[in-house]
Amino acid sequence: MKVETKAIHAGNKQDQSTKAAIQPIVLSTTFERGENGDYPGGFMYSRADNPNRKSLENVIAALENGADACAFSSGNAAGMSVFQALEPGSHIIGPDDMYHGLRNQLKLMFKGILTFDFINLTDIELIYNSIKRETKLIWAETPSNPLLKLCDIEALAHIAKEHQLIFAIDNTFASPICQQPLSLGADIVMHSTTKFLNGHSDVSGGVLITKEKDAFWEKIKIVQGYGGAIPAPFDCYMITRGIKTLPYRMRGHVANAQALAEYLENHEAVEAVFYPGLKSHPQHELATKQMLSYGGMLSFLLKDGEEKAKQVVNNLKVFTQATSLGGVESLIEHRYSVEGQDTKTPKNLLRVSVGLEHIDDLMADLESVL
C-alpha cells in the first residue's frame with residue numbers, strides 16, 4: 001500500500017460486534033480470561049496492551065516500514081526506554097546538539113549508570129575515535145533540534161554495523177513522510193508522537209519502531225510493560241486519528257516551510273536561515289539524498305541579536321509563541337531561553353514550526369515585525 005493508504009487503514013480495526021467502521025475506544029483496564037485461563041481476546045491488562053495502543057503501534061510501524069513498535073506516554077519516555085534497556089556501564093555516543101530534554105535526561109538521571117559523549121556526528125573520524133569497548137549505542141537526531149543539522153544515516157549505520165552497535169535515530173523533526181531511517185540502515189527510530197504524527201497539539205506521546213524483533217527489542221518491550229509509561233487508550237485513539245491526515249498535512253508543512261525559508265533568507269533583518277531545503281544549507285545535498293522531503297521545521301538568526309528576537313516573538317499575531325512543534329498552527333520560539341546555559345543554540349535564534357495557515361498570512365505577520 002502507498003503511504004496515504006497505510007496512514008488511513010493500518011491503524012483501524014473494524015469492531016466486529018457493532019460493525020463500526022472506525023475502531024472504538026476501549027477503556028477497560030482488564031479483559032476476561034477463558035475457561036482454561038488464557039486470553040481469547042488477545043489482551044490481558046491495559047498496562048501490558050490495549051486494542052487502541054496496538055492499532056497505533058501497527059500504523060506507525062507500517063509507516064516506518066518497521067517490524068514492530070512500542071508506544072509510550074511521551075517522547076522522553078520513549079527515548080528513556082532505550083537507555084533503560086542498556087546494561088549499566090554502557091557508553092553512548094550522541095550528537096553535540098542533542099535535544100535538550102534527552103540530553104539532560106542522560107546527564108541527570110543516568111549519571112553513574114551510563115556514560116556518554118556528545119560529539120559532532122558529521123565528523124566520521126571523530127565518531128570512530130569516540131568508540132570505546134563499552135560503547136553500545138549511537139544516538140542520532142537528523143535534522144537536529146533546533147539547528148537543523150543533518151548526519152549521514154547510511155554512513156553512521158555502516159559504523160554501527162562494523163562495531164556491532166545499536167543505531168537509533170530521533171526522527172521527530174522529519175516524520176515518516178519526510179524520512180525513513182530504517183530503510184537507510186538504522187536499527188531503531190524514535191518519534192515524539194506529540195508532534196507531527198498527532199499533528200494537532202492536543203495529545204502527548206512517544207513511540208519507538210524497530211527494524212528487527214531482536215533481543216534488544218525484547219528488553220525495550222519489558223521496559224514498556226513493567227515500567228508502565230504507556231499512553232492512555234484515548235490518547236492512542238487521538239494520535240491514530242491524527243495520523244490519517246499525516247501524508248497530506250506534511251505536504252502543506254513542507255511547502256510552507258520552503259517558501260518561508262526562502263523569504264527569510266532574502267530578508268535584510270535575517271543573518272542566516274537553517275532549512276535543509278535551501279541550497280545554502282551546508283548539507284543540502286545530503287538532505288536531498290536521504291530525505292523524501294525537507295520537513296516543516298526551520299530556524300533563523302536575527303542580525304540585531306537576542307533583544308530583537310524576543311521583540312519579534314512578542315509581537316507576532318498569527319504565529320503563537322510556544323514550545324512544541326508539528327501542529328497545524330504555526331509556532332515560534334526563542335530557544336536559548338528554553339534550553340539553558342550549556343546549549344549550543346545561539347541567543348539570536350528563533351525556531352519555527354511552520355503550520356498550515358496561508359503562506360501569505362505567515363509572511364505578512366513576520367514582515368510586520370521584522
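Which residue forms a salt bridge with Asp 117? Colleagues, I should like to open with that pair. Please bear in mind throughout that this is a predicted model.

The partner of Asp 117 is Lys 132, and the closest N and O atoms of the two are 3.6 Å apart. Asp 117 belongs to strand 3, which covers residues 115-119, while Lys 132 sits in the loop between helix 5 (124-130) and strand 4 (135-141), so this salt bridge ties together parts that are 15 residues apart in sequence. As for exposure, Lys 132 is partly exposed, at 42% relative accessibility. Asp 117 is also partly exposed, with a value of 27%.

Let me now place this pair in its wider setting. The count for the structure comes to 13 salt bridges. In general, side chains of opposite charge can pair when their charged atoms come close.

One of these salt bridges joins Arg 133 and Glu 134, with 3.8 Å from N to O. Arg 133 is exposed, its relative accessible area being 76%, whereas Glu 134 is partly exposed, at 33%.

Another joins Glu 154 to Lys 289, where the N to O distance is 3.5 Å. This pair links distant parts of the chain: Glu 154 lies in helix 6 (residues 153-162) and Lys 289 in helix 11 (residues 284-290), 135 residues apart. Glu 154 is partly exposed, with a relative accessible area of 40%, and Lys 289 is exposed, with 54%.

I would also draw your attention to a network. Which residues make it up, linked by salt bridges? They are Glu 333, Arg 335, Glu 339 and Arg 351.

I turn finally to the cysteines. How many disulfides does a search of the whole structure find? The result is zero. A disulfide is, in general, a covalent bond between the sulfur atoms of two cysteines. Why, then, does Cys 151 form no such bond? The cysteine sulfur closest to that of Cys 151 belongs to Cys 178, and it is 16 Å away, which is too far for a bond. The cut-off for a disulfide is a pair of sulfur atoms within 2.5 Å. Seen from the other side, the sulfur of Cys 178 has that of Cys 151 as its closest cysteine sulfur, again at 16 Å and too far for a bond.

Are these two cysteines buried or exposed? Cys 151 is buried, with a relative accessible area of 3%. Cys 178 is likewise buried, at 0% relative accessibility.

Thank you for your attention.

Terms used
Residues numbered from 1 in each chain as written. Predicted model: local features only at pLDDT ≥ 70, side-chain atom pairs only at ≥ 80, totals over all residues. Heavy atoms only, no water. Buried < 20%, exposed > 50% of the residue type's maximum accessible area, 1.4 Å probe, protein only. Salt bridge = Lys/Arg side-chain N within 4 Å of Asp/Glu carboxyl O. Helix = DSSP H or I, 4+ residues; strand = E, 2+ residues; numbered from the N terminus.
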